[in-house]
Amino acid sequence: QVQLVESGGGLVQPGGSLRLSCAASGRTFSSYAMGWFRQAPGKEREFVAAIRRNGGSTYYANSVKGRFTISRDNAKNTLYLQMNSLKPEDTAVYYCAASTRFGGYGLHESYDYWGQGTQVTVSS
């Protein structure tokens, strides 16, 4: 089992940037594919981005492609999400997740462990 803790959320103006971090416990971080999801009020949790175990391949939802970048530092057991050109519709609770497999990277059920979430609010 791995425990995940997100940080870096907050209030930002439209067009601004934030970097989210997800710190993983234990020594097996590199064995997991990782993903970011988000959930806005009244909406289902949706896929944002995913990254393979070694960071060699990344995947993005169309809504964030070109604006967000997912990365990982396996030596630090940390996952990142750099968010640029933020829009009000990006407002949501953001969750990191870990998967022991990588089939269906955009599906909620493909992930085994989840963090508690961090709030991102984009507003003027």
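## Salt bridges and an edge of strand pairing

In this predicted model, the side chains of Arg-101 and Asp-112 meet in a salt bridge, with 3.4 Å from N to O. Both residues lie in the loop between β9 and β10 (113–114), 11 residues apart, and the pair is counted as linking distant parts of the chain. Arg-101 has a relative accessible area of 36% and is therefore partly exposed, and Asp-112, at 34% relative accessibility, also counts as partly exposed.

A search of the whole structure finds 4 salt bridges, and the table lists three of them, including the pair just described.

| Salt bridge | N to O distance |
|---|---|
| Arg-38 and Glu-46 | 2.7 Å |
| Asp-90 and Arg-38 | 2.9 Å |
| Arg-101 and Asp-112 | 3.4 Å |

The pair of Asp-90 and Arg-38 links distant parts of the chain, since Asp-90 sits in the loop between β8 (78–83) and β9 (92–99) while Arg-38 belongs to strand β4 (residues 33–39), 52 residues away. Asp-90 and Arg-38 are both buried; for Arg-38 the relative accessibility is 5%, whereas Glu-46, at 28%, counts as partly exposed. Through shared partners, salt bridges join Arg-38, Glu-46, Arg-67 and Asp-90 into one network.

Turning to the strands, β1 (residues 4–7) has a covered face formed by Leu-4 and Glu-6, and an uncovered face formed by Val-5 and Ser-7. This strand β1 pairs with β3 (residues 18–24) in the antiparallel sense over 4 bridges, and Ser-7 has Ser-21 as its bridge partner in β3.

Key
Residues numbered from 1 in each chain as written. Predicted model: local features only at pLDDT ≥ 70, side-chain atom pairs only at ≥ 80, totals over all residues. Heavy atoms only, no water. Buried < 20%, exposed > 50% of the residue type's maximum accessible area, 1.4 Å probe, protein only. Helix = DSSP H or I, 4+ residues; strand = E, 2+ residues; numbered from the N terminus. Pairing = 2+ DSSP bridges.
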